[in-house]
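The following exercises concern pockets, aromatic pairs and overall make-up. Each task is followed by a worked solution.

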Amino acid sequence: MTAQAGDSGTAATSARTATPEPLYGGRATRRVTVRDIAAAKARGERWPMLTAYDALTARVFDDAGIPVLLVGDSAGMVVYGHDTTIPVTVDDLLPLTAAVVRGTRRAMVVADLPFGSYQGSPEAALAAATRFLKEAGAHAVKLEGGHRVLRQVEDLVAAGIPVMAHLGLTPQSVNAFGGYRVQGRGEDGERLLHDAKVLQAAGAFAVVLECVPESLAARVTQALTIPTIGIGAGPHCDAQVLVWQDMAGLSPRTARFVKKYADLAAVLSDAATAFARDVSSGAFPDEEHSYR
């Protein structure tokens, strides 16, 4: 009995002292959690995040080791064809989120709370976020804004819902900003830094910084114990996120901060052209692709 207890204690000690699995590229033995993300910040580990809107691409990114996938309200443009994120509804994003969850085994799936679903009150935010967790299986939600959504963040966290914050260029406020412009210059930078600190105090587990000067993003990253996730915020953030269609060269127009890692638009165009040519000439379907 004593030997068994000693062996158990040794195993527990070994588990605690084992080298932690990296956030990016780790094995798909369980879902990534907010604790894993906090540990990566403590280790100084940088990690990638991508958007996803369907099961097949989500599975590709999950297999590639991407630890966090965002079902963004950017679906308004890349899925639904709108000019902005504003028309997107909770009902638009719920089936996309559920598909991404079903297509993954390891990645944490974060669902965007769309415009109008949380700004009105903490009660509205809780109702919307609860639907994403209960109906779609999301593991966390993201919302935009600083001090004005502080109560929402506090109430969601108190209810056990992990919250990712979003500061800087918040696309749902594009009409108030007068367009997609860099945010956080001058005194606005001090307000953004203050907002980041109060969001952290409210319980947010990470904060997206979009389209802010890299020097400001560096200050925020250094000031926070939670990770910063940059998109157009320079190299000093703890993580980086891109819309996957921008990253893969599928979007017709992209922002300056986007690096294209493939030309998927050309690949798909070539494939569609080759298919059409074979059908027109009668080369497809041939014997190999027909039943006998």
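**Exercise 1: the second largest pocket**

Strand E1, helix H3 (55–63) and strand E8 each give at least two residues to the lining of the second largest pocket. The model is a predicted one.

Task: State which residues lie nearest the centre of this second largest pocket, and how its lining divides by residue class.

Solution. Step 1: the lining of the second largest pocket comprises 33 residues. Step 2: nearest its centre are Gly 232, Gln 240, Val 241, Leu 242 and Phe 257. Step 3: by class, the lining of this pocket holds 24 nonpolar, three polar and six charged residues. Step 4: the space in the second largest pocket amounts to about 750 Å³.

**Exercise 2: the largest pocket**

Task: Describe the largest pocket by volume, lining and contributing elements.

Solution. Step 1: the volume of the largest pocket is about 870 Å³. Step 2: its lining has 35 residues, with Ser 74, Met 77, Val 78, Val 243 and Asp 246 nearest the centre. Step 3: two or more lining residues come from each of strand E1 (47–51), helix H4 (75–78), strand E6 (206–210), strand E8 (239–242) and helix H11 (244–247). Step 4: the lining of the largest pocket splits into 18 nonpolar, nine polar and eight charged residues.

**Exercise 3: aromatic pairs**

Task: Find the aromatic pairs in the whole structure and give the geometry of each.

Solution. Step 1: the search returns two aromatic pairs. Step 2: Phe 61 and Trp 244 make an edge-to-face pair, with 6.0 Å from centre to centre and 65° between the planes. Step 3: Phe 61 belongs to helix H3 and Trp 244 to helix H11, so the pair links distant parts of the chain, 183 residues apart. Step 4: Phe 61 and Trp 244 are both buried. Step 5: the other pair, Phe 275 with Phe 284, is edge-to-face as well, at 6.1 Å centre to centre and 65° between the planes.

Task: Is Phe 284 buried, partly exposed or exposed?

Solution. Step 1: the relative accessible area of Phe 284 is 34%. Step 2: buried requires under 20% and exposed over 50%. Step 3: Phe 284 is therefore partly exposed.

**Exercise 4: the chain as a whole**

Task: Summarise secondary structure, burial, contacts and surface.

Solution. Step 1: the chain contains 12 helices and eight strands. Step 2: 45% of its 292 residues count as buried. Step 3: among contacts with a separation of 6 or more, 59% join residues 24 or more positions apart. Step 4: the chain exposes about 14900 Å², of which carbon and sulfur atoms supply 55%.

How values were computed: Residues numbered from 1 in each chain as written. Predicted model: local features only at pLDDT ≥ 70, side-chain atom pairs only at ≥ 80, totals over all residues. Heavy atoms only, no water. Helix = DSSP H or I, 4+ residues; strand = E, 2+ residues; numbered from the N terminus. Buried < 20%, exposed > 50% of the residue type's maximum accessible area, 1.4 Å probe, protein only. Contact = heavy atoms within 4.5 Å. Areas by Shrake-Rupley, 256 points an atom, 1.4 Å probe, with all protein chains shown as cover. 1 Å grid on protein atoms, 1.4 Å probe; cavity = no way out; pocket = protein on both sides within 12 Å on 5 of 7 lines; lining within 4 Å. Points joined across faces, edges and corners; volume = space filled by probe spheres on them. Nonpolar A, V, L, I, M, F, W, Y, C, P; charged D, E, K, R; others polar. Phe/Tyr/Trp six-rings, centres within 6.5 Å; stacked < 30°, edge-to-face > 60°.
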